[in-house]
Amino acid sequence: MNKKILAVGVVILMLCSLWPSAGFAADEPEFSVAVSRTMVTAGEQVDVQVSVSKARDWTAYELNLDFDPAKWSVNSDSFTTNLSGGFSSIVNPELLDGGQLRAVYTKLGNAAGDSGAAVLGKVTFTAKVNGTSSFTLKTIKVRHSGAWSLYTPDAKASVTVADSTNGTGGTGTLPDTGSTPGAAGGGLSFKAEPDKNGVASVKLDSVGIQQAIGQLSGTDLTIVLQPGAGAKQVVIEFPLEVIRSALGQKLKTVTINSGLASITLNEKFFGKEAAKTAGSLQFSVAQAGSSSLPVAVQDKVRPDAVIYDFQLKLDGSAAGVFNNQEVAVKVPYTLQPGETANKVVVYYVADNGVLEPVKSTKYDPASGSVTFRPQHFSRYIPAYADVTFKDLSKAEWARESVEALAAREAINGVGSGQFDPNGRVSRAQFITMLIHSFDLHDAAAVSSFTDTQPGAWYYTAVASAQKLGIIEGKPDGSFGVNDSISRQDLAVMLYRASRVLGLELGGSQAAEAVFSDKAEIALYASEAVAAMQQHGIVNGLSGNTFAPKGLSTRAQAAVILYRTLLLY
């Protein structure tokens with residue numbers, strides 16, 4: 001039955017393609033083509049995504065994407081779309097041999113059309129041979145508002161393919177195109193000239209690494225690559241056995257400075273199951289311009305923004321998800337006139353083409369670089385999010401923290417450009433802010449509290465926090481969703497969250513304050529209050545008091561959340 005509907009729909013769509021074109025009365029739609037990776041090895045796959053902005057009431061389309069069939073292969077069932085309420089398919093599969101992919105989509109029944117920005121479709125291609133080629137959206141026919149229009153956007157995105165013998169990596173052996181590494185002070189430093197595809201690569205051996213570890217003056221092994229002019233991608237590979245044998249003794253972290261970006265891997269990363277048995281690690285980073293982003297999100301970054309495409313492999317396979325501060329990345333960013341450090345953020349390109357902020361982003365004006373902790377590797381872009389609120393003059397001392405969290409989309413205002421800095425914070429509001437700030441959402445989590453309702457704005461955050469052990473609720477089985485949060489409970493939630501995140505807040509940073517109202521601090525909160533105070537996250541009040549049962553304002557909550565985020 002589905003095949004019959006599909007066939008009928010395709011025939012109708014093809015017949016409709018003969019109808020005359022009718023342009024939009026409003027702004028013309030803008031099309032873009034984006035790729036999941038700009039550098040790949042022969043045999044690896046790339047997702048090519050076609051997107052649109054300024055669509056209006058679209059109910060069907062036929063798109064034609066051109067590619068080089070000598071360099072890429074594609075299956076006739078590899079097309080997917082995020083649009084709902086209809087069906088999609090690649091048609092005329094005989095065209096694939098000539099480098100043309102034709103895909104169609106149509107709504108079923110009386111389903112409403114799509115408007116605004118949308119991902120029209122995604123196709124997975126497999127690289128065949130080395131070389132650089134483009135994927136080009138040549139034409140697209142669209143049905144909207146009862147009429148058909150033909151567009152010729154000529155939107156494109158390029159990918160470079162190079163097999164393992166040309167130095168882009170993969171499961172093969174990388175050529176040692178770099179100079180002989182030199183060990184000094186526990187580090188390795190070398191140069192590498194890019195090949196004809198702009199790839200600078202180097203493969204290290206155990207002897208050089210062992211020598212460097214033997215000369216460590218600290219606990220970090222630093223590998224520095226100085227790529228030659230014109231390098232667009234850097235690839236570094238080294239064996240892991242000698243690294244594992246030194247961990248816990250002289251070695252705690254490995255830092256790779258590729259010349260384009262730096263990455264630091266700590267003991268927790270090397271303790272991952274895949275890293276325990278892998279023979280080699282390969283790190284690569286490639287750079288691209290902002291034009292490779294979907295048109296709908298290009299206005300979020302500067303025209304001269306640099307996009308970083310990171311890959312980390314263990315024995316040729318992706319290292320997967322990163323947890324508990326396993327990986328830190330540093331990339332350069334130059335502040336422009338009028339920009340402040342707290343609003344520098346890093347975005348990653350999500351599967352749907354949307355830019356998602358990395359909450360754990362810290363900018364260092366002295367080095368002109370931004371450091372962040374990714375949960376996975378894909379494409380990342382340092383940028384500036386100029387977010388503010390009209391009423392922050394009421395709590396000027398909190399402006400930096402409020403704007404920083406808002407720039408990272410961790411907190412929101414209350415509407416009409418207001419933040420209400422002196423407003424009270426409920427327990428549900430604070431735990432939602434906390435879970436947002438550290439990306440601790442768990443969509444599968446379930447809350448057992450008697451006063452939490454599935455579907456409520458706070459539910460996922462409360463359920464996630466309960467599952468992680470950050471909150472325990474009240475003796476009557478409720479969470480106290482609408483109750484104002486006390487200062488001691490705020491400290492407890494933050495302290496428990498810090499342990500989930502792997503932050504070590506047990507050791508003393510400053511002398512423990514002896515508050516005059518210490519006896520009023522609940523027993524369950526005493527350890528958390530002491531740790532938060534010693535690390536400068538939650539401070540005392542005037543008169544040497546802590547006021548454990550005192551209530552927190554929105555500004556105060558933002559400040560302590562940002563202080564904790566800076567420790568992450």
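Which residue takes a positive phi in the hairpin of β23 and β24? In this predicted model, that residue is G353, with a phi near 85°, in a hairpin that has five residues between its strands. The protein has 568 residues, of which 52% count as buried, and its secondary structure comes to eleven helices and 27 strands. Among contacts between residues at least 6 apart in sequence, 74% join residues at least 24 apart.

**Strand β23 and its partners**

- Strand β23 covers residues 344–349, and five of these six residues are buried, so the strand is largely enclosed by the rest of the structure.
- β23 runs antiparallel to strand β27 (residues 379–384), and five bridges join the two.
- Within this pairing, V344 has Y384 of β27 as its bridge partner.
- β23 is also antiparallel to strand β24 (residues 355–358), to which four bridges join it.
- In the pairing with β24, V346 stands opposite V358.

**Nonpolar cores**

- The largest nonpolar core holds 58 residues, and those touching the most other members are F430, I431, L434, I470, I471, M493 and L494.
- At least two residues of this core come from each of the helices α6 (399–407), α7 (427–437), α8 (459–468), α9 (487–501), α10 (523–534) and α11 (554–567).
- One of the residues named above, L494, is in contact with F430, L434, M532, I537, I560, L561 and T564, leaving aside neighbours within four places in sequence.
- A second core, separate from the largest, has 55 residues, including A212, L225, V254 and L314.
- As a general background, nonpolar side chains tend to be buried together in soluble globular proteins.

**Packing of α7 against α11**

- The axes of α7 and α11 come within 11 Å of each other and cross at roughly 25°.
- Because angles under 35 degrees count as roughly parallel, α7 is described as roughly parallel to α11.
- The crossing in which α7 passes α11 is right-handed.
- On the α7 side, the residues that meet α11 are F430, M433, L434 and S437.
- Their counterparts in α11 are A557, A558, I560, L561 and L565.
- F430 and L434 of this interface also belong to the set that touches the most other members of the largest core, and both are in contact with L494.

**Serine 280**

- S280 lies in strand β19, which spans residues 280–289.
- With a relative accessible area of 16%, S280 is buried, because the cut-off for that class is under 20%.
- Apart from residues up to four places away in sequence, S280 touches E237, F238, P239, L240, K313, L314 and D315.
- Among these contacts of S280 is L314, which is listed in the second nonpolar core.

**Positive phi outside glycine**

- E409 is not a glycine, yet it has a positive phi of about 60°.
- This glutamate is located in the loop between α6 and α7, where its relative accessible area of 39% makes it partly exposed.
- D439, likewise a residue other than glycine, has a positive phi near 50°.
- D439 is found in the loop between α7 and α8, and its relative accessibility of 30% places it in the partly exposed class.

Key:
Residues are numbered from 1 along each chain as its sequence is written. This is a predicted model: local features need pLDDT of at least 70, side-chain atom pairs count only at pLDDT 80 or more; totals for chains, interfaces and linings use all residues. Side-chain values use heavy atoms; hydrogens and water are left out. Buried means under 20% relative accessible area, exposed over 50%, partly exposed in between (1.4 Å probe, protein chains only). Two strands pair if DSSP finds at least two bridges between them. A nonpolar core is a set of buried Ala, Val, Leu, Ile, Met, Phe, Trp, Tyr and Cys residues joined through side-chain atoms within 4.5 Å. Contact means heavy atoms within 4.5 Å. Axes are lines fitted to C-alpha atoms, for helices over the stretch in contact, and angles run from 0 to 180 degrees between N-to-C directions. Angles under 35 degrees count as roughly parallel, over 145 as roughly antiparallel, 65 to 115 as roughly perpendicular and the rest as oblique. A crossing is left-handed if the near helix is turned anticlockwise from the far one by less than a right angle, and right-handed if clockwise.
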